[in-house]
Amino acid sequence: MVRAPLVEVFHSVQGEGRFVGVPMTFLRVATCPIRCSYCDTPHSHRATATALVREGDTERTEPNPVDAVRAAELVESCARAGGSPLPAMLSVTGGEPLAVPAFVRALGALLRPRGCRIHLETAALDPVALRECVADIDHLSADYKLPGTWVHAGGPRDAEPDAGSQHVECARIALAHGATVDMKVVLTSSVRDQVYTAALERLASVRGSVLLVLQPVTPHGDVQEPLPAAVLQRRLHEAVAAGFTVRVLPQVHKSLQVP
């Protein structure tokens with residue numbers, strides 16, 4: 001049976017993207033091949049011996065790695081404890097779920113026939129891995145990593161990788177399989193105008209099919225400065241003028257004080 005190291009399983013509300021505020025169960029996988037300056041889950045970068053399982057007000061641990069059958073059981077028990085007899089929606093997040101595509105595929109194959117909709121939250125850097133599991137997901141929430149905001153794990157801090165082509169290819173793969181797609185761009189005050197413009201140009205080929213989510217950064221980690229309102233307005237106007245369907249959405253779960 002396919003296994004993966006997990007960080008946590010819990011039931012809460014979605015705090016980002018088009019489904020913000022919707023009750024949802026979350027399964028967070030461990031390990032991530034990149035490091036983002038604004039990452040708010042650095043504890044997910046590496047696997048630990050156990051995963052945290054929150055069932056209502058009860059917390060316990062599960063030994064890692066967890067096989068897909070057991071993970072599906074944990075998802076259902078957390079959903080029941082959260083007031084849902086079956087998770088209508090499951091967010092598979094990280095870390096980076098595309099580090100374990102066979103696990104994502106197995107989890108979807110187990111839960112989707114029971115009426116569960118699988119949402120994959122990913123940095124969308126690995127089209128090959130996405131092809132392996134895309135038939136078993138319903139929604140792709142892809143982070144468009146702007147150059148200057150992230151590096152490969154262990155890479156030089158002054159590196160500015162551009163993964164635009166991978167992001168676009170992942171969007172195309174998901175759309176071709178009938179999944180809905182959000183392309184989320186976290187906006188920081190350090191991102192240069194030409195970098196943002198280049199990202200919109202790169203995404204132009206899928207702009208009629210994806211929802212562009214502009215997320216003003218929540219200060220965390222190396223980013224402690226909030227996005228100025230004037231910069232947000234400028235970014236929004238440029239995206240609308242470029243023909244995108246846009247939502248400006250902050251991380252709502254932070255203000256709700258939920259996981």
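**Notebook: sheet and pocket**

I looked up Leu52 and found that Leu52 stands opposite Thr61 in β6. Strands here are DSSP runs of E with at least two residues, and helices are runs of H or I with at least four, numbered from the N terminus.

I noted that the model is predicted, with local features needing pLDDT of at least 70, side-chain atom pairs counting only at pLDDT 80 or more, and totals for chains, interfaces and linings using all residues. Residues are numbered from 1 along each chain as its sequence is written, and side-chain values use heavy atoms, with hydrogens and water left out.

I checked β5 (residues 50-55) against β6 (residues 58-63): they pair in the antiparallel sense over six bridges. Two strands pair if DSSP finds at least two bridges between them. Two residues lie between the strands of this hairpin, and Gly56 takes a positive phi near 65°.

I then traced the open sheet of ten strands, which has mixed pairing and the order β6-β5-β2-β3-β8-β9-β10-β12-β13-β14. Its edge strands, β6 and β14 (245-248), each pair on one side only.

Within the sheet, β9 (residues 117-122) and β10 (residues 139-143) pair in the parallel sense over four bridges. Leu120 stands opposite Leu140 in β10.

Last, I looked up the lining of the largest pocket (on a 1 Å grid over the protein atoms alone, an open set of points where a 1.4 Å probe fits, with protein on both sides within 12 Å along at least five of seven lines; lining residues have an atom within 4 Å of a point). It has 41 residues, and Glu16, Arg28, Asp40, Thr41 and Gly94 lie nearest the centre of the pocket.
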